[in-house]
Each structure stands twice: as C-alpha cells, then as structure tokens.
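Student: I've got a model open and I'd like a close look at one part of it. Could you walk me through it slowly?

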Amino acid sequence: MTETALYTRPKSLLDMDMFYCPGCGHGIIHKLIAELLDEFDLRSRAIGVAPVGCSVTAYDYLDVDFSESAHGRAPAVATGIKRARPDAFVFAYQGDGDLASIGMAEIIHAANRGENYTTIFINNTVYGMTGGQMAPTTLVGQRASTCPNGRDAATMGYPIRICELLDTLMAPSLIARTMIDGPAGVRKTKQLLRKAFQCQLQGKGFSLVEVLSPCPVYMRMDPREAIEHVKNNLSAYFPVKVFREPAAAE
Amino acid sequence: MPKRVLTSGNEALAEGAIRAGCDCYFGYPITPQNELTTYMAVHMPRLKRVFVQAESEVAAINMVYGAAAAGKRAMTSSSSPGVSLKQEGISYLAGAELPALIVNVQRAGPGLGSIEPSQADYFQATKGGGHGDYRMIVLAPNSVQEMHDFAVLGFDLADRYRNPVMILSDGQIGQMMEPVVLYDKPVCPPDKPWALTGAKDRPHNIIRSYFSRGGLLEVHNKRLQEKYAKIAGSEVRYETLELAGASIMVVAYGTSARICGGAIKLARRQGISVGMLRPQTLWPFPTQAIASHLDRVQAVLVVELSAGQMVEDVRLAVNGRVPVHFVGRVGGGVPSIADVQQKIQEVAAKGVRP
C-alpha cells in the first residue's frame, strides 16, 4: 500500500511554535500566505513588511526576507522597498490599530498612488499586543480596556470601514473583505489573497484584502464563540465582499 | 578637468547626492529646502532613479527606511519642523542599522517658527532626537562646495557603518550661490549581504530593531555602542583657521563659521591673536582637537545661531581649563561680522596676552 501525503506544512512556513493565543486568526492567515508564496514560487523574490502589533515577528514564521516597520508605517516602508526593487514581490501585513488608526495617512496615500504591493489587513476589532484596548474598528458597544463600558459612538465615534474608505479612490486595483469563520471562510480568504498576489505579479497596482479575524482573548470569548462573533456580528457591520478587482484577474 | 558650476547650496547637495549614486529620494515640501526636492524631481526620473513626493515627512523617512532595507542608497531632506517629524524614523534606522542620508536645512523655531536660518537643531541632531541610545553621524557644511562634497561623504559613511548620517545645514547655506567643483569620480557602494533582495539560495534576511527575548536587546545595544566608539575614534573632522599660536580660539560651524572667518580677519588686523576651530562633524565632536590647543589658548569663544547648544560640548571639551564665552542670536537672527569682532575684542580685553 502506498502512502500519499495529503497535507504538509508549506515550505515557506518555518517549523516554529507560534506564540499566538489559542483561537487567534494570525496563524491561519500566515499559513495561507505561506501556501501562496509556495504556489507562486516566490520565496526567492518575496519581501514582507511586518507591522507593530501581535504579528511583529511574522518573520519568525514566514521564511522570506522581511522588514519590521514603525507603528503604522508599513505602507511607506513597502513603498520604499517596492520602488527600490520593482521586481520583488512585496507584501505588508497590518492589524487594525496599525493600519486604521496610527497608519491611516500612510495606507490611504499608498493606495492612492497605486503602489504595486499587496496589503493583508487583519481586522479583529481590538489591540492585542498592548492588552485589549479599543481599536478604530471596535464595534459600538464592544468592551475593551480603554472603553470599559463599551464603545460609545457619541464620544468615540463609529468603527471605520477601511475597504469602503479606500474604495473611493481611483488607483487601487483590488479591494476585498473576507472573514475567518470556518473552513469555507478560510478557503474564500485564500482565493482572494491569490487574486491579490496575481494583481501585483501582473503589475496591476495596489491590492488590499481585509480579513475579519477572531481574537478570542480580547473579544472575551472562547475560540468557538469568537468565530461565531466574526460570522454574525463583525460581518454585519463590515460586509464581506469584493469591492473591486481587475477585470482581467484570473 | 572637473566641471565647475555656479549653483545654490540646496541644488549642489542634490547634485552631489546624485553623483554619489543616490538611488531613491523621498521628500515633502518645506522651506528653505524646496530647491533640493525640486532638483530631485527633475533629475532622478531622468536618470531612471526613484523620486516620490511623500504624503508627510513621517512617510518620507519610512520610505527611506524601506529603500535602505532593500540595499539601495536612499535619502530625504527637510527643514527643522519636518525633521522633528522624522525622528521616530531615524531611531528605527539607527536601531535596524540601516544606512541613509538625512538633510536638515535648518530654519528658526521652536514650533512653526520662520524660514530664516538657524542652528537651533544642534541638540536634536547630535544628542538623539528620537528615542533610545543611538548616535547619528552629523556633518556640518559651511559652503556650497561642502554641501556638495558632504552628500558624497555622507553616503560613504552611512554605508561604511550601516548608520544614518545627517547633513546639518541651514537656510543661508541652502539658499546662497557659490561656484562648486562637481564630484566626478566613480562611486562603488559596498556589498550589502544583509539587504532584502529576496532569499535566493540563502537564509532569509530580517531587518529589525525589536528584540524581546532573553537580554538580546542589551547585546544589540552593546554592539551598537562599540560601533559608535569606533566611529568616534575614526571619523572626527574639523578645519582650523589661523589657529597656530592664537590666544583666543573661536569655535563655530556652518554659517556662524563664515561670519567668524570675517571677524577673525578684522580682529587680527587690530593685533588680536585669534584663530578658529571649525567642526565639520558635530557628532563625533572634535573634543580632543579642542582640548589639544588649551595649553596655549587662554579663552574660547563659541558663536552659534542659537541660544547656545554646541557651547555645551565645547565646555565639556575645555573642562574648566580656560573661560568659554558665547555669542549667539536666536529666532532667525544672524550676527554680523562686526558683532562677532566686538565680542572678540571684549574677550581680548579681559586680559588675554597678545
């Protein structure tokens, strides 16, 4: 009887214990990126940009060239790298505090210039690394350490919908939102990330995939509840859809 | 024969950077350095090199960080308020040991201040305007020629030590025009095996300043300090004027040094024994060079376009051995040659032997 490997660790994913909390979405999304780096054979030309946040050490897990960036500045760092090395495959991995709060100017302008790199935007509606503070995407009523009674729209504003905001710009090529809500969502997320990778490889310009993702610890739920929360509550406010994609993307 | 042209300090610096092999320029508008950005906007694309007008000084310095991480010669330029915004990025460049050139064509502050020349960013440039224990090499040009030459030197030093380098100029030197001999030698930046190029047939490279585990950050810092000690031992640069045998030593840099040059000429005609030491590197500072004259020199006069910043480093170098006097103007004021000459006379009148 012959044995066939049905599943193996992607080559671009290092054999390391991840330090992410149980039920966190980062590990799943890292794996999808690694699978796609393998699929497109990009290890020898990929350069990743890590944010400040839980995924700052993404380079401990992804076996490609990597740079840290200051908090929120990943789009500027990615711009510098991609302009300096147009043949490299450049991707930035950013969380909601990093991208939608302190780095809002950088992401809008990188998108507006149509920079030909790929952003993977993880929206779990909370700051993780610093201990569960309110994020720009925290839902109204959601409790966090800096809004202990829940986000009050009257004084704290409403959660920011990044895809919708960027969709007002002329230059971006692909803008899409997806979610980690079980195997189907993971597969759909991978499909959209594949399109975003192709976008860059075909020189079509700025691509961003927002992934609604569970953070059980700071959502104050168990992992199963956090997945349900993403599926039922996050996606109700942040609609899962493709906002735009290049006509010819395959 | 090398080409000689009449040009402004800002444009001379830009052309020097281009001739030094600057691959990528990122900038944001601010007076009095706009000629530099404009020059790059015209010439970098023509040479198939990178020019990006960033959305802010913060973005510009982080684009420099990205391009430097990718192994390219990268620079940005700005003026005081804009350079304040770049401090976070400079700290990250230092922490990640990325070579880059940052130009500060200083204007008067604090706050929005105004566009007149100033030397009030000395503390920020030399004492670490960003967070953490780091050092940045700081070059202080006093002519349009040095604006040009220091662009080449700056890139070389940055690459040699994998460290950010700042050219600390001011609005007067940036705006004025002088003849310049253009640099025309080939440039050969060193190999950068640490750079992000894609991990082809090698382990992946990581550009980082985050070390969270087991004392690694202290090890990293100690290594940085060893590098800074090496730079301090090898890269001090200064020039002297009429200093041999002088009883009064003027210490000044940049625009102030030009004024002092004129004042010293007049004072010597009056029979006052005065000369000048002009730091060309503000960090590393010519501490020993200053101290080496103190057996003979009986008084030191520091002249700055500030309320007195470099004078603190001069006092440390002098260490109480002779009186250190200061004259400066603030808020965009520039002392005249007569002002400095007057001060030299006052110092001489306090009992310095001729």
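Student: Which residue in β6(A) does I122(A) stand opposite?

Tutor: In this predicted model, I122(A) stands opposite V211(A) of β6(A). That pair belongs to a longer match: β4(A), residues 118-123, and β6(A), residues 207-212, run in the parallel sense and are joined by six bridges.

Now zoom out to the sheet around them. It's an open sheet of eight strands with mixed pairing, and the order reads β7(A)-β5(A)-β6(A)-β4(A)-β3(A)-β1(A)-β2(A)-β10(B). The edges are β7(A), residues 242-244, and β10(B); each has a single partner strand, so one side of each has no neighbour in the sheet. Back on your part of the sheet, helix α9(A), residues 223-237, lies across β5(A), residues 174-179, and β6(A). The direction of α9(A) is at about 140 degrees to β5(A).

Follow the strand order to the other end and you'll notice the chain letter change, since the list finishes with β2(A) and then β10(B). Those two strands, with β2(A) covering residues 65-68, pair in the parallel sense over two bridges. If you want a residue to click on there, S67(A) has I207(B) as its bridge partner in β10(B).

That brings us to the contact between the chains. Chain B puts in 34 residues and chain A puts in 29 residues. On the chain B side, the elements that each supply at least two residues are β2 (24-27), β3 (50-53), α3 (57-69), α5 (87-95) and β10 (206-207). Of these, α3(B) gives the most, with eight residues. Sorted by class, this side of chain B has 19 nonpolar, nine polar and six charged residues.

While you're in chain B, have a look at a helix pair too. The axes of α1(B), residues 9-19, and α2(B), residues 34-46, come within 8 Å and cross at roughly 40 degrees. That angle makes α1(B) oblique to α2(B), and the crossing is right-handed. From α1(B), the contact uses N10(B), E11(B), L13(B), A14(B) and I18(B), while α2(B) brings E35(B), L36(B), Y39(B), M40(B) and H43(B). By class, the residues of this helix contact come out as six nonpolar, two polar and two charged.

So, to return to your starting point: I122(A) and V211(A) face each other in a sheet whose strand order ends with β10(B).

Technical notes: Residues are numbered from 1 along each chain as its sequence is written. Chains are lettered from A and ligands numbered from 1 in the order in which they are written. This is a predicted model: local features need pLDDT of at least 70, side-chain atom pairs count only at pLDDT 80 or more; totals for chains, interfaces and linings use all residues. Two residues are in contact if their C-beta atoms, placed from the backbone, lie within 7 Å. Helices (H or I, at least four residues) and strands (E, at least two) are DSSP runs, numbered from the N terminus. Ala, Val, Leu, Ile, Met, Phe, Trp, Tyr, Cys and Pro count as nonpolar, Asp, Glu, Lys and Arg as charged, and the others, Gly among them, as polar. Two strands pair if DSSP finds at least two bridges between them. Axes are lines fitted to C-alpha atoms, for helices over the stretch in contact, and angles run from 0 to 180 degrees between N-to-C directions. Angles under 35 degrees count as roughly parallel, over 145 as roughly antiparallel, 65 to 115 as roughly perpendicular and the rest as oblique. A crossing is left-handed if the near helix is turned anticlockwise from the far one by less than a right angle, and right-handed if clockwise.
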